[in-house]
Amino acid sequence: MARGNAEVEELDWFHPNLNRHHAEALLIQNGKDGSYLLRTSTSHDGEYSLSCRCADSVKHFQIGWDGVYYTFGMGTFNSLAEFVKHFENKPLIGGESGVLTILKFPYPRDIEEPDKYETVRVHAEWKDRPTSMNDDVCQPASINSKEGYLTKQGGRFKSWKARWFVLCKNELKYYKTKGDKVPIRTLDLNKCTTIEEDFNTGKEHTIRIEMPDRHFFVFAATQSEKQEWLDILQWKMSSGDEYGYHG
């Protein structure tokens, strides 16, 4: 902690134990353009780093603190609230890239994630993309992504067929088979109204996903696999509500 700064400690978007890599994974995976968080600088003792999602990348900005004032470049601020208010209206410039970034959505540190994430496959590095995965799909970069086969009921014809599902950010895509480049359909979970277990299909381990235009029914091979999908999908819905992603 940078010299016990009380104002910073009270910020719900301050992540004291987050390093640069984890901040990038968190904001790429769950944030959107303009999402930001504050963390303790790992390269400058007594200072802070502001990490901000900008399009499909994350920019990091150093913020100094001398015990009274915050410094950012040539600017001086009395408080972080003043700093944020300033850059809500005037964009930051992302170094050599010249990319403009406006602070829009503080990313809170206190988000409860289900214990079941311990069993979900983790990709530690954003750049480590296995060749077996779909090239056009946003690859999992943190513990809240999932992929695998589920058996889905057709819309017009109520037959059941196995489909390869990939969950990334708040999008659930399904493909005819693993390795396909183009998904059959993408479900925007920000628009989803209900995700719950269903007992009316005659199939065990069934999940019902209610979208504005259609209800989707899928079932897993086992109860534990069903519960993993149900937990993570419901958490995605609740986190979307918390950030105001739902329309």
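**Exercise 1. Trp13 and its partner**

Task: Decide whether Trp13 is buried or exposed in this predicted model, then say what kind of aromatic pair Trp13 and Tyr36 form.

Solution.
- Step 1. Trp13 has a relative accessibility of 8%. The cut-off for buried is under 20%, so Trp13 counts as buried.
- Step 2. Turn to Tyr36. Its relative accessible area is 3%, and Tyr36 is buried.
- Step 3. Search the whole structure for ring pairs. The search finds 13 aromatic pairs.
- Step 4. Take the pair of Trp13 and Tyr36. The centres are 5.0 Å apart, and the planes make an angle of 80 degrees. Planes over 60 degrees apart count as edge-to-face, and the Trp13–Tyr36 pair is edge-to-face.
- Step 5. Place both residues on the chain. Trp13 lies in the loop between helix 1 (6-10) and strand 1 (14-15). Tyr36 belongs to strand 2 (residues 35-40). With their positions 23 residues apart, the pair links distant parts of the chain.

**Exercise 2. A second ring pair**

Task: Classify the pair of Phe14 and Tyr48 by its geometry, and locate Phe14 and Tyr48 on the chain.

Solution.
- Step 1. Recall the two descriptors. A pair of aromatic rings is described by the distance of the centres and the angle of the planes.
- Step 2. Apply them. The ring centres of Phe14 and Tyr48 are 6.0 Å apart, with planes at 85 degrees, so this pair is edge-to-face.
- Step 3. Locate the residues. Phe14 is in strand 1, and Tyr48 is in strand 3 (residues 48-54). They are 34 residues apart, and the pair links distant parts of the chain.
- Step 4. Check burial. Phe14 and Tyr48 are both buried.

**Exercise 3. More rings**

Task: Which residues do ring pairs link into a cluster, and over which ring does the charged end of Lys32 sit?

Solution.
- Step 1. Ring pairs join Phe61, Phe72, Phe77, Phe83 and Phe87 into a cluster.
- Step 2. For Lys32, the ring is that of Phe105. The charged end sits over it, 4.3 Å from the ring centre.

**Exercise 4. Helix 2**

Task: Which residues of helix 2 are buried, and what does a side-chain oxygen of Asn19 reach at the helix start?

Solution.
- Step 1. Helix 2 covers residues 20-30. Ala23, Ala25, Leu26, Leu27, Ile28, Gln29 and Asn30 are buried there.
- Step 2. At the start of helix 2, the Asn19 side-chain oxygen comes within 3.2 Å of the backbone nitrogen of His21.

**Exercise 5. The open sheet**

Task: In what order do the 7 strands of the open sheet run, and which are the edge strands?

Solution.
- Step 1. Read the order: 13-12-11-10-16-15-14, with antiparallel pairing.
- Step 2. Find the edges. They are strand 13 (185-188) and strand 14 (194-198), each pairing on one side only. From one strand to the next, the twist averages 35 degrees.
- Step 3. Work through strand 12 (residues 171-175). Of its 5 residues, 4 are buried. Strand 12 pairs antiparallel with strand 13 over 4 bridges, and Leu172 stands opposite Leu187.
- Step 4. Cross to strand 11 (residues 160-168). Strand 11 and strand 12 pair antiparallel over 5 bridges. Trp164 stands opposite Tyr175. Their hairpin has 2 residues between the strands, and Lys169 takes a positive phi near 55 degrees.
- Step 5. Move on to strand 10. It is joined to strand 16 (residues 214-219) by 2 bridges, and these strands run antiparallel. Thr151 stands opposite Phe219.

**Exercise 6. Two residues in the sheet**

Task: Place Gln153 and Ile209, then list what each contacts beyond its neighbours within four places in sequence.

Solution.
- Step 1. Gln153 is in strand 10 (residues 146-153). Its relative accessibility is 15%, so Gln153 counts as buried.
- Step 2. Beyond those neighbours, Gln153 contacts Lys158, Ser159, Trp160, Arg214 and Phe217.
- Step 3. Ile209 is in strand 15 (residues 206-211). At 2% relative accessibility, Ile209 counts as buried too.
- Step 4. With the same neighbours set aside, Ile209 contacts Leu172, Leu187, Cys192, Thr194, Ile195, Arg214, His215, Phe216 and Leu233.
- Step 5. Add one distance. Ile209 and Asp198 are 11 residues apart along the chain, and their C-alpha atoms are separated by 9.5 Å.

**Exercise 7. The whole protein**

Task: How many helices and strands does the protein have, and what share of its residues counts as buried?

Solution.
- Step 1. The protein has 4 helices and 16 strands.
- Step 2. Of its 247 residues, 48% count as buried.

Methods
Residues numbered from 1 in each chain as written. Predicted model: local features only at pLDDT ≥ 70, side-chain atom pairs only at ≥ 80, totals over all residues. Heavy atoms only, no water. Phe/Tyr/Trp six-rings, centres within 6.5 Å; stacked < 30°, edge-to-face > 60°. Buried < 20%, exposed > 50% of the residue type's maximum accessible area, 1.4 Å probe, protein only. Lys NZ or Arg CZ within 6 Å of the ring centre and 35° of its normal. Contact = heavy atoms within 4.5 Å. Polar contact = N/O pair within 3.5 Å; in protein donor to acceptor, adjacent residues only side chain to side chain. Pairing = 2+ DSSP bridges. Axes fitted to C-alpha atoms, helices over the stretch in contact; angles between N-to-C directions.
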